[in-house]
Amino acid sequence: MLFSPFISKPDNVSQIMLKVLLALLPGIALYVWYFGPAILVSITLASLTALGTEALMLRLRNRPIAPFLKDNSALLTGWLLALSIPPLAPWWLIVVGTAFAIAVAKHLYGGLGNNLFNPAMVGYAVLIISFPMQMTHWIAPHGLGQIELGFFDQLEYIFLGVLPHNATLDAITMATPLDTLKTHLHLDQSVQQILDMPIYGQLAGHGSEMVAWGFLCGGLYLLATRIISWHIPVAYLGTLFVIAGIFHLLDPGHYVAPLFHWFSGAAMLGAFFILTDPVSSPTTNKGRLIFAAGAGLITYLIRAFGGFPDGTAFATLLMNICVPLIVLYTQPKVFGKKSPKDNPVHKEGRP
């Protein structure tokens, strides 16, 4: 017989990270369905590199290896980075980005709990700035590419850079929906003309919008299990919706509707899995709202006016810089502590 009080044991780091990894599975499954199994190769490479680099850095720092490998934090960093880069990226690109994320963005700051920036987004930023050509080869969804590669063809291209006979890279890849939108807007085409292209579905990109639905379902699971709070997803998606809605109402021929931004790029992945990183995000609820709202604003500004098609990663990193200041001004007052202005001596003007 059970008696009150019913106090549950809180999840440890390993269990929390494992639940986040499980929450990514619906999006990954839809990714495989619409774009092929190449993403599984990227995730595997990133996982092995993340665990190997983690073990190496722990060894160099004279820290115990097994406990830190079992906390699943390095594994999560590898998965998030793999989901942020093209699935047909060459193997070395995934290895370099993941190793940099773990070695520099995480362990250079002292390891888990001490890093200022989200490691996966640091790895992404390094890759897109250093290797922009390789970061633009996104595989076409099923039915839209001129040629569809089988699993072994994808493996051969990832590891050897070899395509089947008479196949070209342009025949199997295409620009992302956000990149296509920005390119054709610069060619003075209207939003409606662009959205009539085959690459677009009901809300955003064909296939990619369904992947976003998968990440949304995973994010709702994290909310239901209280792994994350509602503040960051609501503030980020809400700000992105409001600012996109304002521009769309002012000029619908040049700015897409808000739902397009929700289900394009890394918006859903960012809202529930990246910005909610407990280490690099604020610890106060008010701070989380400010942090996520700023990220939503920056994401839209980069998408609409910047040089990159998506701005989630850079928005995350820019707001990571502001976290210490946000926490400083949003932390609750210590109970019983008075500020100098509340001191009656100061009020009377005496020294």
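At what angle do helix H15 and helix H16 pack, and how far apart are their axes? Let's start there, and keep in mind that this is a predicted model.

So, H15 covers residues 285–305 and H16 covers residues 312–330. The angle between them is about 150 degrees, and the axes sit 9 Å apart. Angles over 145 degrees count as roughly antiparallel, so that is what we call H15 relative to H16. The crossing of these two is right-handed.

Who touches whom? On the H15 side you've got Lys286, Gly287, Ile290, Phe291, Gly294, Ala295, Ile298, Thr299, Ile302 and Arg303. Facing them from H16 are Thr312, Phe314, Ala315, Leu318, Met319, Asn320, Val323, Ile326 and Thr330. If you sort the residues of that contact by class, you get 11 nonpolar, six polar and two charged.

Okay, over to the other end of the numbering. Helix H1, residues 13–35, packs with helix H2, residues 38–60. Here the angle is about 135 degrees, with 8 Å between the axes. H1 and H2 are therefore oblique to each other. The contact pairs Ile28, Tyr31 and Val32 of H1 with Ile39, Leu40 and Ile43 of H2. By class, that's six nonpolar residues, with no polar and no charged ones.

One more helix pair, H4 and H14. Their axes come within 11 Å and cross at roughly 170 degrees, which makes H4 roughly antiparallel to H14. From H4, the contact takes Leu80, Leu83 and Ser84, and from H14 it takes Leu269, Phe273 and Ile274. Five of those residues are nonpolar, one is polar and none is charged.

Now, the pockets. What is the volume of the largest one? About 810 Å³. It has 42 lining residues, and the ones nearest its centre are Ser84, Trp138, Thr176, Gly265 and Asp310. Ser84 should ring a bell, as it was on the H4 side of the contact with H14. Several elements give two or more residues to this lining, including H1, H4, H14 and H16, plus strand S1 at 138–139. Helix H6 (119–130), helix H9 (177–186) and helix H11 (208–224) are in that group too. By class, the lining has 30 nonpolar, 10 polar and two charged residues.

The second largest pocket comes in at about 460 Å³. It is lined by 27 residues, with Met17, Thr276, Asp277, Pro278 and Val279 lying nearest the centre. The elements giving two or more residues here are H1, H4, H6 and H14. Which of them gives the most? That's H4, with four residues. The class split for this lining is 16 nonpolar, eight polar and three charged.

Last stop, closed-off space. How many cavities of 30 Å³ or more turn up in a search of the whole structure? One. The largest cavity holds about 90 Å³ of space. Around it you'll find Phe35, Gly36, Ile139, Ala140, Pro141, His142, Gly145, Ile147, Glu148, Leu149, Gln154 and Ile172. In class terms, that lining is seven nonpolar, four polar and one charged.

If you want something to click through afterwards, try H4. It packs with H14, it gives residues to the lining of the largest pocket, and it gives the most to the lining of the second largest one. That's me done.

Definitions and conventions
Residues numbered from 1 in each chain as written. Predicted model: local features only at pLDDT ≥ 70, side-chain atom pairs only at ≥ 80, totals over all residues. Heavy atoms only, no water. Axes fitted to C-alpha atoms, helices over the stretch in contact; angles between N-to-C directions. Parallel < 35°, antiparallel > 145°, perpendicular 65-115°, else oblique. Left-handed = near helix turned anticlockwise from the far one by under 90°. Contact = heavy atoms within 4.5 Å. Nonpolar A, V, L, I, M, F, W, Y, C, P; charged D, E, K, R; others polar. 1 Å grid on protein atoms, 1.4 Å probe; cavity = no way out; pocket = protein on both sides within 12 Å on 5 of 7 lines; lining within 4 Å. Points joined across faces, edges and corners; volume = space filled by probe spheres on them.
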